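Here are some notes for a colleague who has not looked at this structure before. They cover one sheet, a helix that lies across part of it, and one pocket.

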Amino acid sequence: LRETYVCGGVGRSSGERAHYQSAQSMSFAVSTEDLSKWVRECFENSLVGQVKEKVLPGLEKLGGQDGLISSLKTNTAQGIRDSEVETRRSVFGSNYVEPEPPTSIWELAWDALQDPCLIFLCFAALVSFFVGVIFNEGMEWLEGIAILSAVIVVVTVSAVNDYQKDQQFRELSSIKDDVHVFVIREGTKKKISTHDIVVGDVVMLSTGDMVVADGVVFEKNDLGISEAMLTGESVIKRKGAYNIAPTEPADKAVSIAPTVYAGTFVQEGEGRMVVLAVGRSTYQGLMEEKMKEDEESDSVLQTKLNAMTDLITKAGMAAGGVTVGILLFRFALGFLNQACCKEAWDHSIHHLEYLRMFVIGVTVFVVAVPEGLPLAVTIALAFSVKKMMRDQNLVRHLSACETMGSATTICSDKTG
């Protein structure tokens with residue numbers, strides 16, 4: 001009878017048990033940081049002199065070509081064992097990057113409300129409403145409600161559009177990122193999800209494949225990789241062990257390099273890649289993290305609207321101040337000329353007139369507010385998004401339409 005164990009692996013035979021224990025007790029001579037750093041140095045140093053000075057010494061620290069593969073306890077013929085996958089994932093990380101939690105529609109609405117123009121409109125609406133209610137100025141309060149209604153429509157349209165498009169982008173990204181590749185595990189060719197790839201896996205690359213992790217190709221091959229996704233250059237890069245002649249000039253780009261990067265595409269040929277970095281540790285992952293740290297800047301139209309709002313605010317305050325000044329001068333002149341009801345100071349009458357002058361000044365300030373402008377801009381951008389949807393273009397944010405519309409020059413190479 002086959003001996004089985006319950007603890008640490010239900011239903012395993014004694015041989016499987018030993019295999020399981022060896023997988024759990026694996027230790028590696030290299031760390032995620034060491035591998036990621038060397039891959040980054042390979043990408044950033046592509047000239048012969050830079051490779052000799054920085055890249056090759058870094059490879060020697062990792063043990064050279066053979067030492068690096070041995071440190072990862074793998075080989076291109078057999079690959080890794082299935083029982084090692086979880087251990088390697090816990091040590092080197094997963095090839096699945098957890099997306100950021102979605103922004104709620106209320107947070108999007110609050111962000112939309114931070115627009116200086118909308119804040120200005122809210123202030124003007126409140127002033128109009130209270131002036132109409134407190135001083136019984138006819139239908140003045142109705143204007144305040146109309147302005148607030150316009151603000152609510154603008155915020156609602158912006159928030160709902162951004163929320164719906166964000167959900168659609170998340171669904172598309174989850175489908176796009178989950179592709180299947182062929183790997184060698186325990187000497188057998190297997191088809192797995194890119195999310196299941198771990199450091200040390202041997203991935204089989206062929207024409208048309210997208211590279212899903214950073215790795216090295218030391219064996220002889222005919223791979224041609226397009227790195228346009230990372231560099232913008234359409235030149236095909238050959239992959240394999242460094243082969244630098246002693247007489248090559250230092251300022252010349254190396255003709256062949258071993259590193260392959262996530263996000264690139266195989267243009268031609270076939271080969272086997274040993275995975276060195278996955279998920280956030282890849283060069284592409286590091287660049288994406290840096291891009292997230294960059295602060296978002298206002299779009300061209302938003303910058304112009306903010307400048308216009310500042311100008312209207314200053315002009316409105318100046319006009320209101322001048323109006324109040326003229327009314328005060330007229331009020332003082334009436335006292336000097338002993339006009340009707342101004343023969344003597346009466347607190348019950350003249351204090352209220354002072355307040356009414358201030359209200360008139362505020363009203364002049366409010367009248368200058370273009371309450372329909374943000375609404376008109378938002379509706380125009382919303383229609384633009386719908387039109388692009390009909391052309392099979394999914395736009396995530398409303399501002400993207402006007403940003404592209406503001407472009408005056410598009411720079412591209414001959415293949416652009």
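1. Strands β6 (residues 214-216) and β12 (residues 270-277) are joined by three bridges and run antiparallel. One of the residue pairs to look for is G215 with V275, its bridge partner in β12. Please keep in mind that the model is predicted.

2. The pair belongs to an open sheet of six strands with antiparallel pairing. Read across, the order is β4-β3-β5-β12-β6-β10, so that β6 sits between β12 and β10 in this order. Which strands form the edges? They are β4 (188-193) and β10 (259-260), each of which pairs on one side only.

3. Helix α2 lies across three strands of this sheet, namely β6, β10 and β12. The helix runs at about 125° to β12.

4. The second largest pocket has a volume of about 300 Å³. Its lining consists of 20 residues, and those closest to the pocket centre are S46, E227, K237, V254 and A257. Three elements give two or more residues each to this lining: α2 (32-44), β8 (236-239) and β9 (256-257). Helix α2 therefore appears both here and in the packing across the sheet described in point 3.

5. Which element gives the most to the lining of the second largest pocket? It is β8, with four residues.

6. As for the character of the lining of the second largest pocket, 10 of its residues are nonpolar, five are polar and five are charged.

Terms used
Residues numbered from 1 in each chain as written. Predicted model: local features only at pLDDT ≥ 70, side-chain atom pairs only at ≥ 80, totals over all residues. Heavy atoms only, no water. 1 Å grid on protein atoms, 1.4 Å probe; cavity = no way out; pocket = protein on both sides within 12 Å on 5 of 7 lines; lining within 4 Å. Points joined across faces, edges and corners; volume = space filled by probe spheres on them. Nonpolar A, V, L, I, M, F, W, Y, C, P; charged D, E, K, R; others polar. Pairing = 2+ DSSP bridges. Contact = heavy atoms within 4.5 Å. Axes fitted to C-alpha atoms, helices over the stretch in contact; angles between N-to-C directions.
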